[in-house]
Every structure is written in structure tokens, then in C-alpha cells.
Amino acid sequence: MQKTLRVAICGISGMIGTAVEQALLAQGHAVTGIGRSDLKAGKAHLQEKLKGCDALINLAGASILTRWTPSAKERIYNSRITSTRSLVEAINGMEAPPADFISTSAVGIYDQINVHDEFSLNYSNDFLARVCRDWEKEALRVDAQRVRLSIFRLGLVLSARGGALKQMLLPFKLGLGGRIASGRQFFPWVHLNDVVEAIVGGVSIPRASGVYNLVAPEILTNCSFTRKMAKVLKRPAFLMVPEWALKLIFGEGASVLSTGQQVIPQRLLADGFAFRFPGLDQALEFELQTRKEK
């Protein structure tokens, strides 16, 4: 019989946090939310909230799909690094810390040239990669003798509930969809349900510790993604969003859409993780059917 766990989630109000909370509650586990006010309240307060918790899941982080002004970049950086530092300092100072700490990162850590499994050290040197490296560095400060650390490097998380897919659906349905810039950039993606399954499984059915690439096994370019979206929606997608237009809107942040990485979830596959949505066709059809039923 599965043990009932008490799990703390930092970033519980976001799209992933909400879905993870629902999945844990459905399995009979207890969930404690950690918000911005808790992080600001100091170490003693955090330790009190984490008291008796079996696991801590760290999903905090401001959206990166915005214009990267100096203040926005500071917000993106601090929302990840400062929150992770606060959590690690709190659990390291506890007499009985959570046995599991699951933190997130992003495949933006990798360069756009090589094919990357979890053992790749070919990192990019841009702003997002620096955020990811510093983010993971803070998580790695956790006391490894007492706490098992897993870091999930996420691709673009697809769900009609929110995020990029929700924003893309309307223009595609109107026949205004199309590739971004050259379309040759890679498009590392993963369905929200697979993200939830991997994270919840990492708590309730512990795997080995360390870094995991949390992306679908199917490697696509933006052009391939566009064709599949158009096919599933039965709409044309002949337009193209030029890179200069993206830069007008997002500035340096345009790189989130105009560049991409080739990433393989080697460790999850080796662990026997069964992706519910290994291919984009199934993921899109599921999301569109779900929206019709609601």
C-alpha cells in the first residue's frame, strides 16, 4: 500500500504547480503551498512550513516570454535563484529535512549546436543559460547526505490550460499560424501530463538522483511543429514571423522563440519512464479534444 506523503510545493499557483498539486491530492497525499510571502518571511518561517514534509518541489520562476528589459531580466533571475537559495538554506538548517528535493531548470542551459543528453556539458553562454546554471548551482548546495536531489530540465511545456500552446491556438485556428523566423531552430517540448507524471513519480516512486531532461523523445524543428499544428487543426499555416518582428516585441527575449536545442530524455527512458505523449500529434489531438469537451 502506498505511503501517504506530505509534499510542499513552491510555485503552487502556476500551471505546473496546480497540476502537480491536483495529481498528488488525487493519490491521497497532503500538499502544502509555499508562496512569495513565505519566501520573504525568512528561514525560520520556511522551516516551520516544511516541518514534517517528506518532499519539497521547487517550481518557482517568473515567465521568460516577455520583453527582456533590465528589470525583467532581474525578475527572471531572482525569482529562480533567490527562491532556490532560500529553500536550500532552510532545509539544510533543519533537524529533519524533507527526504526529497525536486527542483526545476530548463533545456535553455544547452547550446544550439550539439545533441544533448544529461551528460552533455556543451552549455550556451547567453542569459538564459546563465540563469539555468546559477539556478542549478543553488539547488546543488542542498545537503546531499540527508536530502536526495533531482533536477528536471524542462522543455516548452504544452497544455491548452496556459503557456505557449494556449497563446498559439487562436492564430492557428484563424489560419494565421506559421513558422518563426527560419523555422530551422529545434523545438524541445513536453506535454504537461508527462511533466506531472515525472515529478509526482519522482516523489512517490523515487528514482536515482541528479539531472533529468524532461522533454518528449520526439525531436522537432519549429517548422515541423508548425506543420503538425496546421494538420491537427486542419488550417493553413503559410505565414512566417520574421526575427526582426520578434525583436521589436521581445528585444533580447526573442531568442526564446528563435533558437532551440536538440535534447534527448535519456535518463528517463533508461529508467523505464513511459511518456504518455511521446509524439506531438497525440499531444495536440488530446489537448484539442479536451478543450471541445469543456
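The legends below describe close-up views of a predicted model of one protein chain.

**Figure 1. The whole chain, with 12 helices and 12 strands.**
The C-alpha trace spans about 60 × 45 × 35 Å along its principal axes. For 294 residues, a compact globule would have a radius of gyration near 19 Å, and the chain agrees with this at 19 Å. Of the 294 residues, 50% count as buried. The accessible surface comes to about 13,900 Å², and carbon and sulfur atoms hold 55% of that area. Among contacts with a separation of 6 or more, 80% are between residues 24 or more positions apart.

**Figure 2. The largest nonpolar core, a set of 28 residues.**
Ile 16, Val 20, Ile 57 and Ile 199 touch the most other members of this core. Two or more residues come from each of the elements β1 (6–10), α1 (15–26), β3 (55–58), β6 (148–154), α7 (192–204) and β10 (210–214). Helix α7 gives the most, with 7 residues. A second core, separate from this one, has 21 residues, including Cys 10, Leu 39, Leu 46 and Ala 139. In soluble globular proteins, nonpolar side chains tend to be buried together.

**Figure 3. Ile 57 and its contacts from elsewhere in the sequence.**
Neighbours within four places in sequence are left aside in this view. Ile 57 is in contact with Val 7, Ala 8, Ile 9 and Cys 10, and also with Val 20 and Leu 24. The other contacts of Ile 57 are Ile 102, Ile 199 and Val 203. Val 20 and Ile 199 also appear with Ile 57 in the list of core residues that touch the most other members.

**Figure 4. Gly 155, in the loop between β6 and β7 (156–158).**
Gly 155 counts as buried because its relative accessibility is 12%, which is under the 20% limit. Not counting residues up to four places away in sequence, Gly 155 touches Val 107, Pro 188, Val 190, Leu 214 and Val 215. Gly 155 and Asn 213 are 58 residues apart in sequence, while their C-alpha atoms are 8.0 Å apart in space.

**Figure 5. Ala 181 and Lys 234, two non-glycine residues with positive phi.**
Phi is near 55 degrees in Ala 181, and phi of Lys 234 is also near 55 degrees. Ala 181 is found in the loop between β8 (178–180) and β9 (189–191). Lys 234 is placed in the loop between α8 (222–233) and β11 (239–241). Ala 181 has a relative accessible area of 10% and is therefore buried. Lys 234 counts as exposed, at 69% relative accessibility.

**Figure 6. A nonpolar patch on the surface, formed by Val 115, Ile 219, Ile 264 and Leu 269.**
Together these four residues have about 300 Å² of accessible area. Leu 269 lies in helix α11, which covers residues 266–270. At 40% relative accessibility, Leu 269 counts as partly exposed, because this value falls between the 20% limit for buried residues and the 50% limit for exposed ones.

Key. Residues numbered from 1 in each chain as written. Predicted model: local features only at pLDDT ≥ 70, side-chain atom pairs only at ≥ 80, totals over all residues. Heavy atoms only, no water. Patch = residues over 30% accessible without salt bridge, like charges linked within 9 Å, V, L, I, M, F, W, Y side chains within 5 Å. Areas by Shrake-Rupley, 256 points an atom, 1.4 Å probe, with all protein chains shown as cover. Salt bridge = Lys/Arg side-chain N within 4 Å of Asp/Glu carboxyl O. Helix = DSSP H or I, 4+ residues; strand = E, 2+ residues; numbered from the N terminus. Buried < 20%, exposed > 50% of the residue type's maximum accessible area, 1.4 Å probe, protein only. Core = buried A, V, L, I, M, F, W, Y, C linked by side-chain atoms within 4.5 Å. Contact = heavy atoms within 4.5 Å. Rg over C-alpha atoms; globule rule 2.2 N^0.38 Å.
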